[in-house]
Amino acid sequence: MAGMTESEKLRVNATGTELVWEGKRTQVERVPLPFQVIETINQSRATREQTPLLAGLPPLPLFEGKPADKDVWRNKLIWGDNKYVLASLLKEGFAGKINLIYIDPPFDTGDDFSFRVKIGDEELVKQPSIIEQKAYNDTWGKGTDSYLQMMYERLVLMRELLAENGSIYVHMDWHVGHYVKLMMDEIFGKENFVNEIVWRRVTAHGDRKGCGQIHDNILWYSRSDSYYFKQPGVPLRKEYIEDFYKYEDADGRRYRLVSMNAKGAGPVRRFGDKMIVPPPGTHWRWSQEKIDEAWASGLIVITGGGAVHYKQYLDEHQYQPVQSIWDDEGVRYLGAHSLEKVNFETQKPEGLVGRVIKMACPPNGIIADFFCGSGTTLAVAEKLGRRWLGCDLGRFAIHTSRKRLLDIPDCQPFEILNLGKYERKYWQMNGISGRQKDSQKAIFEYLAFIIRLYHAEPVIGFSHLHGRKAGRMVHVGATDAPVTLSEIIEALEECLANRLTALDVLGWEWEMGLHDVVGNEARRRGIDLRLLNIPREVMDKRAVEAGDVHFYELAYVETEVRQQGTAVQIALRDFIIPSLELVPLEVRDKVKKWSDYVDYWAVDWDFKEDTFHNQWQSYRTRKHSTLAAESDWHNYLSPGTYKLLVKIVDIFGNDTTKLLEVNVQ
């Protein structure tokens, strides 16, 4: 922590011990943004259309075990920065409604945002997107100080979301876990610290001069002293059985002897024909009636020293309560060949998360994971019948979670949501003063930089148009948010109002489900629209100075519509990714066909120009790597003209849409 001595990092103030770091801010910025449902899965259109966004939360308390209203509640997978997601959920009425939060935040490196993808028979590591890199720089750009500030702001908001019976589990390793412990004491209160759980990962990470790092720590805090808890058990180990269950009856039943005494004063009890006084400071565990019954059954043993015990049989006690060290087989780290693995480096085993959920979330409770990554928490919550909310900044994380959920038999309906624009909406809401003036200057410099690289000329006097090139207007998307449909429509409307007929939109990331839909909006207005990716090379000074920066249009997909009476089938015919430069040279030669680039595709058979309704899908998994090139046949019940929307997600998590139309006689 720059500029501070070790003794200064901990200071005592009026409220007790506090962790201090360079630039600590205790006032948390809250920027609630609108949610937009961009895809519904496993849900009928009729049901979805009568369901308001984020509706159906039952009143507190949530631990009464009331049946969930499955016609109202929808589990939710949200793509966006969790800082904004948390603030937005609070605004939507989720304060005090979430029973369990389990998070596994990034520990120390940008590897948290990278993942492995498979092309044909080859694997490659996909580097973080620009938005993910920016989030990483904000998190670790100033070392531990910036990380702690990031965690502090999010933990404050998470506490407000927890129900009175709620708990939060924060999964950390040795890098910053000790700092986060002190931070959580401050935010949740030391009195609400329940446990530090030590989880043995089994294998050490790398070679080092010292003992191998084979464990992580999970910090467990509650919202209040009325938190929900159900004691889990683990099978007795062989060593434990041999050490404690030493005795056998004549019939071979194995047992151990347990003392009949507990702390506290108690009366004399009769054991057969003997009256025995409990040792000083103790009482008998059982009533006289229960003692008589056990004595008659031969369950009580009086040893030579006069101590009284009862027999506890092994076949009646196969489990023991879980303690604070978790190293049993049920929660061990994923092996290299585990079928659970989905190519996320930081993925945790389902057994580990499942134990947390069973311990801390009541039936029908709501679980949230705001760093959901590969979707383990959501998948386990689904299997255990709990309701869930998940979010992640990574597009590939959202895509991986979606596939993982779809692989669960009878998965309940869920929605995929986007958040609205970040930076510019913040400036509009708050005005410009002080630090915000610097932000406005930075955005102007950013826009000018991208316009120059695109070989366009800057323009003034417009709200949503930033440049002009060869008779076409140019709109530049922000660095920290995907380009949204509403953002493009605003630029199209400005073109229309000024009788401009061509528009190029440049973006780092794109709202899911955007591609063909926004093309339809442009055609309605008579505007020629092109969507182009801003390449990663703009962040490379050498590439910029050499003029080696190229903007690429979005992916191209070709489909075929087949029709037999009222039945329709879609077939994929071709798919071209935006740029082969996304794929390393050594892998490009291994690609055998265009479909190797497609990881998932789905069809909405009756698209209403609103939310994509996933009614059929095919996707690759570790167990099933093949992809169907043709959809199932879909039968329409009524004649008419129908719009079909096809969504394709490539191996990097980017999605492309294709709008089709059929006339059913």
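Q: Buried means under 20% relative accessible area, and exposed means over 50%. With that in hand, does Asp328 count as buried or exposed?
A: A quick heads-up: this is a predicted model. The relative accessibility of Asp328 is 14%. The cut-off for buried is under 20%, so Asp328 counts as buried.

Q: Which residue meets the side chain of Asp328 in a salt bridge?
A: Asp328 sits in the loop between strand E21 (325-326) and helix H9, and its partner is in H9 itself, 27 residues apart. The N to O distance of the salt bridge is 2.7 Å. The partner is buried too, with a relative accessible area of 10%. The side chain that meets Asp328 belongs to Arg355.

Q: How many of the 11 residues of helix H9 are buried?
A: H9 runs over residues 350-360 and is mostly covered. Among its buried residues are Leu352, Val353, Arg355 and Ile357. So Arg355, the salt-bridge partner of Asp328, has plenty of buried company in its helix. Out of 11, the number of buried residues is nine.

Q: Which residue in the loop between H9 and strand E22 (366-369) has a positive phi of about 70°?
A: A positive phi turns up here although the residue is not a glycine. At 16% relative accessibility, this residue counts as buried, because the cut-off is under 20%. The residue in that loop is Asn364.

Q: Is Ala470 buried or exposed?
A: Ala470 also has a positive phi, near 50°, in a residue other than glycine. You'll find Ala470 in the loop between strand E26 (467-469) and E27. Its relative accessibility is 79%, and the cut-off is over 50%, so Ala470 counts as exposed.

Q: How many residues apart in sequence are the parts tied together by Arg472 and Asp504?
A: The side chains of Arg472 and Asp504 meet in a salt bridge, at 2.7 Å from N to O. Arg472 lies in strand E27 (residues 472-476) and Asp504 in strand E28 (residues 502-507). Arg472 is buried, and Asp504 is as well. Counting along the sequence, the separation of the tied parts is 32 residues.

Q: Which residue meets the side chain of Glu560 in a salt bridge?
A: Glu560 has a relative accessible area of 31%, so it is partly exposed. The N to O distance of its salt bridge is 3.4 Å. The partner's name is Arg562.

Q: How many salt bridges does a search of the whole structure find?
A: You've now met a few of them, including the one between Arg355 and Asp328. There is also a network of salt bridges linking Arg25, Glu29, Asp81, Lys83, Glu153 and Arg154. The count for the whole structure is 32.

Q: Why is strand E8 described as largely enclosed by the rest of the structure?
A: E8 covers residues 162-172, 11 in all. Strand E5 (residues 98-103) runs parallel to E8, with five bridges joining them, and Ile98 stands opposite Leu162 in E8. E8 is called largely enclosed because the number of its residues that are buried is 10.

Q: Which residue in E10 stands opposite Ile168?
A: E8 also pairs with strand E10 (residues 215-222), this time in the antiparallel sense. Six bridges hold that pairing. Opposite Ile168 stands Tyr221.

Q: What is the area of the nonpolar surface patch made by Val268, Met275 and Val277?
A: One of its members, Met275, lies in strand E16 (residues 274-276). Met275 is exposed, because its relative accessible area is 55% and the cut-off is over 50%. Together with Val268 and Val277, Met275 makes a patch of about 290 Å².

Q: Which strand holds Asp655?
A: Asp655 counts as buried, with a relative accessibility of 14%. Beyond its neighbours in sequence, Asp655 touches several residues, including Arg395, Glu511 and Lys647. The strand spans residues 655-664, and its name is E38.

Q: What pLDDT does the protein chain average?
A: Among the residues, 79% score at least 70. Over residues 48-71, though, the pLDDT is below 50, and over residues 422-436 it stays under 50. For the chain, the average is 81.

Conventions: Residues are numbered from 1 along each chain as its sequence is written. This is a predicted model: local features need pLDDT of at least 70, side-chain atom pairs count only at pLDDT 80 or more; totals for chains, interfaces and linings use all residues. Side-chain values use heavy atoms; hydrogens and water are left out. Buried means under 20% relative accessible area, exposed over 50%, partly exposed in between (1.4 Å probe, protein chains only). Helices (H or I, at least four residues) and strands (E, at least two) are DSSP runs, numbered from the N terminus. Two strands pair if DSSP finds at least two bridges between them. A salt bridge is a side-chain nitrogen of Lys or Arg within 4 Å of a carboxyl oxygen of Asp or Glu. Patches are made of residues with over 30% relative accessible area and no salt bridge: like charges are joined within 9 Å, nonpolar side chains (Val, Leu, Ile, Met, Phe, Trp, Tyr) within 5 Å. Accessible areas come from the Shrake-Rupley method with a 1.4 Å probe; for residues, only the protein chains shown count as cover. pLDDT is the predictor's confidence in each residue, from 0 to 100. Contact means heavy atoms within 4.5 Å. Lists of a residue's contacts leave out its neighbours within four places in sequence.
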